[in-house]
Amino acid sequence: MEMLKESYPVAANDMTCAGDVAAKIKRRIKQLGVPAGVVRRVSVCTYEAEINLVIHSCGGRIDLEITEEHILVHVCDTGPGIRDIDKAMTEGWSTASSAVRAMGFGAGMGLPNMKRNADEFAITSEVGVGTDITMIFHI
Amino acid sequence: MPATYYHSVRLDKEKCVGCTTCLKRCPTEAIRIRNNRASIIHERCIDCGECIKVCASHAKVAVTDPLDAIKRFRYAIALPAPTLYAQFQGVHRPEPIIATLFKLGFDDVFEVARGAEIVSHAIRQALEEPDRPRPLISSACPAIVRLIQVCFPSLIEHIVDLVSPMEAAAKIAKEEFAQRHGVDIAEVGAFFLTPCPAKRTAVRAPIGQEKSYVDGVIAIKDIYPAMRALMDQGCTPPEMDRASTVGIKWAVPGGEAEAVGIKSALCVDGIDNVMNVLGAIEDARFRDLAYFEGLACVNGCLGGPLTVENSFVAKNRLRSVMNRTEQKTVVRRDVFDTAYQTLRLTREIEPKDGLQRGGTMRERIERAERIDRLTASLPGFNCGSCGSPTCLALAEDIERGSATELNCIFRLNDRIAALAAEMVTLRESTRFNTLKDTARLREMREELSRYDD
């Protein structure tokens, strides 16, 4: 049963605000005295997720839920959706444009990195509808 | 103050005028203005000295040792930070500076830059070890190590577990002196000549070591006048092993990474910049970064609060000193070979946020929600007039019980306006005051007089 539930919208293509949501979530879990190692893993994943939303999606949101036992980060967007999830989960595979890569993003490490850092990771996606990721971190 | 929270940075209450300058500049929000004076929250202070630099009243001071402290030991060794070489106008070589230290009464001089050369070598070995987290973070700037303990505890495991050049220099200097002269090492005192208050703290309350090898810390600005008076350009020190540019450049931002010889290194100076980058390292934003050198002061140690010379001028002068110095390290092979083992930290570096309170997650969430509601009820100007650095910090202070909502001058204004309105209504509605009205009027008068302070 969640005790804290917050939701943060993330706008597509807005590089000025990219990272703000991840920073807010980090501040919140540090404030709550979540163990340092968990803070680290949540930070890595939420930052990665937020950048993904900004660069690849048509916009979406990140939800944070905290219970006594775990932190749940739910990321969803309104498209375009991922054509081949298995490929997207492969390290180094990326659909990012060369302009995005020039900014140091889009190295194709995003999703694999999130999966590696979360204790539980689930992804569903439908082309034209959107992508939905749930990550759980045990406290 | 508990020993775990020893600090070199202190407040001179007489000089403090209670302004908000230091309050707004403290990177860890460790300062509050209460009763018209600044006060330091020991649990959060990292001794960076930002408050010392910005206080126009010079009310923030650093406690260091006087030169006289060297008399406590039969033999005293001076450990000059390379920053010292850049402090004297017209002096572009270390020799007259080292010679002056002998004239001041030191029995020997061991350049901290030599310690830096040895530590550089040990860091290189640490970087070669597999399974070390990336980036490794330099342990040289004690304010940054403390910043990580207080604000970025998840990065503690990234801090390279080696002592600072100051400690390496003190250890080797004392051992060599005792051996060379056949004296008891307990009779030998090592005194660091420091640009920085955090170094004093690092000596008094060491991190990762049981005890510091350094016996005293003398501020460069305190020893400067006596040195200036005795400085003779023609003077040369006795024959000794000398530091090369490899060690001296540690005083300049980027010098450490250069001395270590690692390409994928990032150096950042200035405490706010360092905080930004540490936040990004926490998010794993830099994938190929092997080494991070963070320096609390702009221009590194040359910008330390206890220096004399303007740090930009000092940077130019140090370059000129380096042009006249040996480029290659001269350190005994055996010292190099054993450094990685002998200079390791012996204790874990622990997270340190004394303000963090326990309880179940439910209790912590409830506290956070109370803080959110309080923050929303404050104006959000972050003006600092309440004595807390931001509205959020005031909300946290209220929740903790160390302030009230009426510390906020806008909330106080509202309260006084409400009282005044109530007084007028009361006066106009009752020509003949009832006992109850009189009592309420007296109550309001008392409340108002409390706000007079």
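1. Buried means under 20% relative accessible area. By that cut-off, 14 of the 17 residues of helix H4 in chain B are buried, so H4(B) is largely enclosed by the rest of the structure. Bear in mind that this is a predicted model.

2. The geometry of H4(B) is worth a check. The helix runs over residues 112-128 of chain B. At 1.5 Å a residue, its 17 residues should span 24 Å. The end C-alpha atoms are 25 Å apart, which agrees with that expectation.

3. Salt bridges come next. The count over all chains is 35. One of them pairs the side chains of B:Asp397 and B:Arg34, at 3.1 Å from N to O. This pair links distant parts of the chain, 363 residues apart. B:Asp397 sits in helix H15 (residues 391-400) of chain B, and B:Arg34 sits in strand E2 (residues 31-34) of chain B.

4. B:Asp397 deserves a second look. Its relative accessible area is 1%, so B:Asp397 is buried. The side chain of B:Asp397 also meets that of B:Arg400 in a salt bridge, again with 3.1 Å from N to O. Here the partners are 3 residues apart in helix H15 of chain B, which means a separation of about one helical turn. B:Arg400 counts as partly exposed because its relative accessibility is 31%.

5. Some salt bridges share partners. One network formed in this way joins A:Lys26, A:Lys30, B:Glu282, B:Asp283 and B:Arg285. Its members come from chain A and chain B.

6. Another salt bridge connects two loops. The side chains of B:Glu210 and B:Arg347 meet at 3.5 Å, N to O. B:Glu210 belongs to the loop between helix H7 (197-204) and strand E9 (216-219) of chain B, while B:Arg347 belongs to the loop between helix H13 (333-342) and H14 of chain B, so the pair ties together parts that are 137 residues apart in sequence. B:Glu210 is exposed, with a relative accessible area of 54%. B:Arg347 is partly exposed, at 47%.

7. On the surface, note a negative patch. The residues are A:Glu68, A:Glu69, B:Glu363, B:Glu366 and B:Glu369. Chain A and chain B both contribute to this patch. B:Glu363 is in helix H14 (residues 361-377) of chain B. With 40% relative accessibility, B:Glu363 counts as partly exposed.

8. There is a nonpolar surface patch as well. B:Phe381, B:Ile409 and B:Phe410 form it, and together they have about 280 Å² of accessible area. B:Phe410 lies in helix H16 (residues 409-429) of chain B. Its relative accessibility is 31%, so B:Phe410 counts as partly exposed.

9. Two C-alpha separations are also worth listing. A:Gly37 and A:Ile139 are 102 residues apart in sequence, yet 9.4 Å apart in space. A:Gly37 is part of helix H2 (residues 36-56) of chain A. A:Gly37 is partly exposed, with a relative accessible area of 46%.

10. The second separation is in chain B. The C-alpha atoms of B:Ile159 and B:Ala140 are separated by 9.7 Å, with their positions 19 residues apart along the chain. B:Ile159 is in the loop between helix H5 (142-151) and helix H6 (165-181) of chain B. The relative accessible area of B:Ile159 is 6%, so this loop residue is buried.

Methods:
Residues are numbered from 1 along each chain as its sequence is written. Chains are lettered from A and ligands numbered from 1 in the order in which they are written. This is a predicted model: local features need pLDDT of at least 70, side-chain atom pairs count only at pLDDT 80 or more; totals for chains, interfaces and linings use all residues. Side-chain values use heavy atoms; hydrogens and water are left out. Patches are made of residues with over 30% relative accessible area and no salt bridge: like charges are joined within 9 Å, nonpolar side chains (Val, Leu, Ile, Met, Phe, Trp, Tyr) within 5 Å. Accessible areas come from the Shrake-Rupley method with a 1.4 Å probe; for residues, only the protein chains shown count as cover. A salt bridge is a side-chain nitrogen of Lys or Arg within 4 Å of a carboxyl oxygen of Asp or Glu. Lys and Arg count as positive and Asp and Glu as negative; His and the chain ends are not counted. The place of a charge is taken as NZ of Lys, CZ of Arg, CG of Asp or CD of Glu. Helices (H or I, at least four residues) and strands (E, at least two) are DSSP runs, numbered from the N terminus. Buried means under 20% relative accessible area, exposed over 50%, partly exposed in between (1.4 Å probe, protein chains only). The expected span of a helix is 1.5 Å times one less than its number of residues.
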